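I opened this notebook to record which backbone details I looked up, and where along the chain I found them.

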Amino acid sequence: MQPAARVRNPLHAIAWWQHDLRHMMSARVRETRLGFRKTWYLGALTLGCFTIQIATGLLLMLYYHPSIPQAYADMKDLEFVVSSGGMLRSLHRWSAHAMVFLVFVHMAKVFYRRAYQAPRELNWMVGVSLLLTTLMLSYTGYLLPWDQLSYWGTTVGASIMSSVPFLGAKLRFYLLGGHTVNANALLRFYVLHTMVFPLVIISLVAVHFWRLHKDGGMFELDEAGKPIIPHDVPEQENPLLGAENEKTLSYRELLFREIIAIEALAVVLFSVALIWKAPLEELASPLHTPNPAKAPWYFTGLQELLHYFPPFVAGIILPGLIVSGLFIIPFVPFFDIVTTADMCSWVRGKSARTITMASILIVLSALLIRIHAWDAMLPLWIIVATLCLTSRAVGPQNRFGNWVRSRSLSFWIMTLFLMEAVVLTSVGTLFRGPSWSWIWPWRG
Ligand code: HEM
């Protein structure tokens with residue numbers, strides 16, 4: 001079809017879009033590659049959450065005014081006056097939390113399938129940008145109810161930003177439109193939350209899907225462990241397509257399954273919203289600081305780090321290292337090539353290995369004990385204990401040991417990062433009370 005014809009005839013344009021849409025995924029694939037196990041449909045579920053947020057967010061906008069104290073009054077109206085208003089607000093809130101959670105799990109799943117490797121480097125980087133934008137989308141929405149929780153959560157988040165050397169105070173000033181969280185901040189967060197970040201996510205998702213198709217659909221390794229790029233092989237030899245009778249229209253089959261998964265997720269989120277109302281505390285009061293003032297849960301891990309390290313290290317150096325690490329993973333094959341077995345072979349002899357491992361563990365533990373970071377030590381100990389226990393018995397019958405020995409360095413780095421994220425976030429959210437002291441959540 002000629003582009004000129006598309007412009008002149010609207011029917012041609014629709015046909016062309018349909019053609020493009022169908023080819024966002026590889027047109028035909030093996031039935032086995034459409035299975036739930038490959039991706040757990042996590043990308044589609046994340047998109048499902050985003051769609052629910054757009055739909056509920058548009059309806060919420062009909063009742064919401066980004067001004068003080070009207071914003072809070074609108075929340076009360078939604079709860080007590082507007083028909084199904086409370087339900088709408090809860091659905092919006094829980095789907096936002098679900099999106100943040102799913103985007104992390106999707107990233108982890110993609111990583112462990114090694115789907116960030118060539119030719120998917122660009123798509124991985126688009127994905128990392130989506131992760132950061134999703135966090136910002138959620139964070140800017142947090143302030144809008146203008147209650148104590150949102151006011152102080154945003155204040156804590158914004159104060160992390162001030163720790164950037166030289167630029168921190170300026171960045172915070174531009175974000176808030178002043179030195180404190182005030183009416184300007186509410187308006188800025190409203191514009192960012194309802195316009196800027198949704199548009200950025202829509203554009204990035206479009207590029208994400210376009211690359212997904214261009215890179216040959218879902219990632220698969222061949223027998224030699226190399227990624228298969230369908231465009232590089234003639235169709236009859238393409239291992240992803242299989243025999244003629246195995247071919248399935250991915251457009252029809254995969255889309256159908258993903259829509260069912262999104263519908264199931266929608267049912268779950270509806271049920272959660274019916275049972276648990278989104279929290280709404282007192283009207284925000286800059287004079288009454290709650291103790292503890294907690295950031296939204298996806299930032300409590302950072303807050304926990306701030307408890308141990310100076311703000312510059314916890315707020316800038318560590319997150320900066322993590323984000324740059326995520327962006328550059330696909331370009332440093334060294335971390336993928338080196339396996340646990342290779343690392344063991346660098347130090348010859350079992351006792352030498354034990355001494356090396358013990359020394360590293362003692363140094364790191366001493367450092368963490370010195371700053372009382374007991375919880376941050378847990379993942380480190382679990383990983384080292386796994387390595388010590390499994391590296392001893394080597395042999396064909398020791399399947400778990402062999403699996404551990406074949407894991408790459410990047411696998412261990414990501415596993416440590418994810419375990420630290422889970423532990424620090426759980427501790428920051430559930431086990432911290434007044435003045436950030438340790439509490440047992442079941443004791444109230
Ligand atoms: C709003 C956020 C996101 C949406 C809506 C989204 C959507 C999707 C969808 C629908 C797929 C197809 C496979 C599936 O259903 O799981 C996919 C694949 C992929 N995503 Fe995402 N994604 C998002 C965020 C991310 C993030 C944070 C990363 C990584 C940092 C990422 C990296 C990838 C990669 C590399 C693939 C290709 C996987 C393969 O070839 O098997 N995505 N994404």
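I began with W436, whose place is in the segment after α19. I kept in mind throughout that the model is a predicted one. When I looked up the backbone angles of W436, I found phi near 60°, a positive value in a residue other than glycine. I then asked whether W436 is exposed, partly exposed or buried. W436 counts as partly exposed because it has 16 C-beta neighbours inside 10 Å, and a residue is called partly exposed when its count falls between the exposed limit of 12 or fewer and the buried limit of 20 or more.

Next I turned to S435, which is found in the segment after α19, the helix of residues 409-430. S435 is not a glycine either, and yet I noted a positive phi of about 55° for it. The neighbour count for S435 is 7 C-beta atoms inside 10 Å, so I entered S435 as exposed.

My other entries concern cis peptide bonds. Which residue is joined to P69 by a cis peptide bond? I found that the partner is I68, and that omega of this bond is about 0°. P69 itself sits in the loop that runs between α4 (42-61) and α5 (70-80).

I also wrote down a cis peptide bond between A118 and P119, for which omega is about 5°. When I traced where P119 lies, I came to the loop between α6, which covers 85-112, and α7, which covers 121-142.

Methods: Residues numbered from 1 in each chain as written. Predicted model: local features only at pLDDT ≥ 70, side-chain atom pairs only at ≥ 80, totals over all residues. Helix = DSSP H or I, 4+ residues; strand = E, 2+ residues; numbered from the N terminus.
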